[in-house]
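Colleague: Could you take me through one part of this structure with care, beginning in a loop and then following the strands that it leads to? Please explain each term as it arises.

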Amino acid sequence: MVARIYKPTRNAMQSGTAKTKLWVLDYEPEAPRQVEPLMGYTSSSDMKSQLRLRFETKEEAIAYAERHGIAYQVQEPKEPVRRRIAYSDNFSFRRQGQWTH
């Protein structure tokens with residue numbers, strides 16, 4: 001069983017950085033999900049796929065995985081590129097491009 005250690009990214013509906021500061025340890029699924037034929041529910045017999053552990057630092061998550069003998073993969077976070085722009089730049093004399101409405 002392999003675990004994945006990563007720092008979650010914000011989703012498209014988030015403007016802030018809530019729930020993106022902690023590191024997460026998730027287990028990869030051991031078996032594929034099965035569709036129950038009568039009702040169409042999707043189920044799995046893998047109980048560890050429901051487990052999600054959160055840690056303050058990457059080192060804590062790695063130490064936990066090594067202490068419990070869990071094979072793991074670490075995915076480093078990709079920091080977003082933030083452009084500094086001001087509203088007043090729309091009206092600058094040095095503005096590149098045409099002004100359109």
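Modeller: T20 lies in the loop that joins β1 to β2; strands such as these, of at least two residues (E), and helices, of at least four (H or I), are DSSP runs numbered from the N terminus. The model is a predicted one, in which local features need pLDDT of at least 70 and side-chain atom pairs count only at pLDDT 80 or more, whereas totals for chains, interfaces and linings use all residues. Residues are numbered from 1 along each chain as its sequence is written, and side-chain values use heavy atoms, with hydrogens and water left out.

With a relative accessible area of 14%, T20 is buried (under 20%; exposed is over 50% and partly exposed in between, with a 1.4 Å probe and protein chains only). When residues up to four places away in sequence are not counted, T20 touches K7, P8, T9 and R10, where contact means heavy atoms within 4.5 Å. One of these residues, P8, is twelve residues from T20 in sequence, yet their C-alpha atoms are 5.3 Å apart in space. N11 is found in this loop between β1 and β2 as well, but its relative accessibility of 45% makes N11 partly exposed. The C-alpha atoms of N11 and G40 are 28 Å apart, with the two positions 29 residues apart in sequence numbering.

The loop leads into strand β2, residues 23-27, where five of five residues are buried. Which residues of β2 point one way, and which the other? W23, L25 and Y27 point one way, V24 and D26 point the other way, and all are buried. In a regular strand, the side chains alternate between the two faces of the sheet in this manner.

Consider next the neighbours of β2. Strand β1, residues 2-6, pairs with β2 in the antiparallel sense over four bridges; two strands count as paired if DSSP finds at least two bridges between them. Within this pairing, A3 has Y27 of β2 as its bridge partner. Strand β5, residues 52-55, is also antiparallel to β2, again over four bridges. In β5, R52 is the bridge partner of D26, and F55 stands opposite W23. The side chains of β5 alternate too: L53 and F55 point to one face and are buried, while R52 and R54 point to the other and are not. For F55, the relative accessibility is 12%, and F55 therefore counts as buried.

These strands belong to an open sheet of four, in the order β5-β2-β1-β6, with mixed pairing. Since β5 and β6 (71-75) stand at the edges with a single partner strand each, one side of each is left without a neighbour in the sheet. On average, neighbouring strands of this sheet are turned by 25° against each other, direction ignored. Helix α1, residues 58-67, packs on the sheet and touches β1, β2, β5 and β6; its direction makes about 165° with that of β6. Here an axis is a line fitted to C-alpha atoms, for helices over the stretch in contact, and angles run from 0 to 180 degrees between N-to-C directions.

What, finally, makes up the largest nonpolar core? It consists of eleven residues: A3, I5, W23, L25, Y27, L53, F55, A61, I62, A65 and I70. Such a core is a set of buried Ala, Val, Leu, Ile, Met, Phe, Trp, Tyr and Cys residues joined through side-chain atoms within 4.5 Å. At least two residues of this core come from each of β1, β2, β5 and α1. A61 offers an example: neighbours within four places in sequence aside, A61 is in contact with I5, L25 and F55. In soluble globular proteins, nonpolar side chains tend to be buried together. W23, L25 and Y27, which point one way from β2, are among the residues of this core, as are L53 and F55 of β5.
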